[in-house]
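Visitor: I would like a close look at a single part of this model, with its surroundings explained one step at a time. Please take your time over it, and say what each term means as you use it.

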Amino acid sequence: MREPRWLPWARWIVLGSLGLFTLVPLYVMATTSIKPLGDVQGDFHWIPTTISLQPFADIWRTVPLAHYFVNSLIVASAAAVASVTIAVFAAYAISRYRFPGRRIFSITVLSTQMFPGILFLLPLFMIFVNLGNTIGVELYGSRTGLIVTYLTFSLPFSIWMLVGYFDSIPTALDEAAQVDGSGPVGALLRVVIPAAMPGIVAVTIYAFMTAWAEVLFASVMTDESTRTLAVGLQGYSTQNDVYWNQLMAASLVVSVPVVAGFLLLQRYLVQGLTAGAVK
C-alpha cells in the first residue's frame with residue numbers, strides 16, 4: 001500500500017519542528033556562554049558581537065564548581081552502582097524462582113513509580129534527622145544520605161527493567177551452567193550477567209542520570225560541603241546580579257559527562273530499553 005504524498009512532507013515538518021525545539025535552546029545557551037556579561041544583560045542578539053572564553057575560566061572561581069562536581073560524581077556513581085548491584089540479584093530471583101508473595105512484591109515495586117518524589121521529602125528528612133539524634137548515624141547533610149535517598153527512586157525501576165530483560169534470557173543457559181558445576185550464584189555471575197549486559201548498562205545509565213540531575217532532594221538533604229552540581233549552579237545568582245554567561249558556561253560543562261557517557265553507551269542503552277520494554 002502506497003503512502004499518501006503528503007506523509008513525507010508531514011514527517012519532515014514534524015521532525016524539523018522537534019529539531020528546532022531542541023537545538024534553539026542549545027544554541028542560545030552556547031552563544032550566551034561566550035558573551036561578556038554586559039552583552040548578555042543588553043539587547044539579545046542571535047549572533048554574538050563579542051566572543052570571550054573568560055566565562056569558562058570564571059565559573060571555577062565564582063562558586064566552588066570543582067567541589068560540587070566531585071560531590072555529584074561520587075553520589076551519582078555510588079547510587080548507580082548500588083542500585084544496579086541490588087537490582088541484579090532481586091530481578092534474577094523474581095525472574096527465575098517462584099516463591100510466595102512474588103507477584104505482590106513485583107506489583108509493589110512497580111507501584112512505587114506512581115508516587116511523586118515530593119511525597120517522600122518530609123518523611124525522609126525526619127527519618128535522617130531522627131537517626132542522627134538517636135543512634136548517631138549522620139545521614140542528613142552527608143553524601144551517604146543522598147545516595148540512600150536516590151536508591152529509593154532508582155532501585156524499583158532498575159528491578160522492574162532487569163526482570164523484563166532476564167525473562168528474555170533462556171533458562172537453558174542457567175541449566176547448562178549448573179550442569180557444568182556452577183551454583184545459582186555462579187550461573188548468574190558467569191552466564192546470565194554477561195548475556196544481560198545491555199540491560200544492565202541501560203539501567204546503570206538511568207540511575208546515574210537520575211542522581212546527576214536531581215535538584216529537589218539535593219537542595220534539602222545537603223549542606224555547603226556536600227552540595228551537588230544541580231544545586232550549586234544557583235550560586236551564579238546573587239542578590240545583586242545574575243551571571244548568565246557563567247551560568248550557561250557551567251551548564252555546558254556539567255552536561256559533558258552525561259552526554260559523553262550516553263554517546264559511548266548508546267548502543268547498549270537502546271538494546272536494553274527495547275528488550276525490557278518488549279518483554
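Where is serine 83 found, and in which helix?

Guide: Serine 83 is found in helix H4, where helices (H or I, at least four residues) and strands (E, at least two) are DSSP runs numbered from the N terminus. Before going further, please note that this is a predicted model, in which local features need pLDDT of at least 70 and side-chain atom pairs count only at pLDDT 80 or more, while totals for chains, interfaces and linings use all residues. Residues are numbered from 1 along each chain as its sequence is written, and side-chain values use heavy atoms, with hydrogens and water left out.

Serine 83 is buried, with a relative accessible area of 0%; buried means under 20% relative accessible area, exposed means over 50%, and partly exposed lies in between, for a 1.4 Å probe and protein chains only. Its side chain makes polar contacts with two other serine side chains, that of serine 154 at 3.3 Å and that of serine 158 at 3.1 Å. A polar contact is a pair of N or O atoms within 3.5 Å; within protein, one must be able to donate a hydrogen and the other to accept it, and residues adjacent in sequence count only if both atoms are side-chain atoms. Leaving aside residues up to four places away in sequence, serine 83 touches Leu151, Ser154, Leu155, Ser158 and Ala207, with contact meaning heavy atoms within 4.5 Å.

From here one can follow helix H4, which spans residues 65-96, into the nonpolar interior. A nonpolar core is a set of buried Ala, Val, Leu, Ile, Met, Phe, Trp, Tyr and Cys residues joined through side-chain atoms within 4.5 Å. The largest such core has 34 residues, and those with the most contacts inside it are Leu65, Tyr150 and Tyr236. Two or more of its residues come from each of H4, H6 (121-134), H7 (143-167), H10, H11, H12 and H13, and H13 gives the most, with 7 residues. A second, separate core of 25 residues includes Ala87, Ile94, Met161 and Leu162. To return to leucine 65, this residue touches Ile59, Trp60, Leu229, Leu233, Tyr236 and Ala250, again not counting residues up to four places away in sequence.

The helix that gives the most residues to the largest core, H13, also packs against another helix. Two packed helices are described by the angle between their axes and the distance between the axes. Helix H10 (residues 197-212) and helix H13 (residues 244-264) pack at an angle of about 170 degrees, with their axes 11 Å apart; the axes are lines fitted to C-alpha atoms, for helices over the stretch in contact, and angles run from 0 to 180 degrees between N-to-C directions. H10 and H13 are therefore roughly antiparallel to each other, since angles over 145 degrees count as roughly antiparallel, under 35 as roughly parallel, 65 to 115 as roughly perpendicular and the rest as oblique. Phe208, Met209 and Trp212 of H10 make this contact with Val254, Pro257 and Val258 of H13. Its residues divide into 6 nonpolar, no polar and no charged, where Ala, Val, Leu, Ile, Met, Phe, Trp, Tyr, Cys and Pro count as nonpolar, Asp, Glu, Lys and Arg as charged, and the others, Gly among them, as polar.

Two loops are also worth a look. Threonine 222 is found in the loop between helix H11 (216-221) and helix H12 (229-232), and counts as buried at 9% relative accessibility. A polar atom of the threonine 222 side chain lies 2.3 Å from the backbone oxygen of alanine 218, and threonine 222 touches Gly141, Leu146 and Arg227, not counting residues up to four places away in sequence. Aspartate 241, by comparison, lies in the loop between H12 and H13 and is partly exposed, with a relative accessible area of 26%. With the same exclusion of residues up to four places away in sequence, aspartate 241 touches Leu37, Gln41 and Tyr236.

For the wider setting of serine 83, the protein chain has 14 helices and 0 strands, and buried residues make up 37% of its 279 residues.
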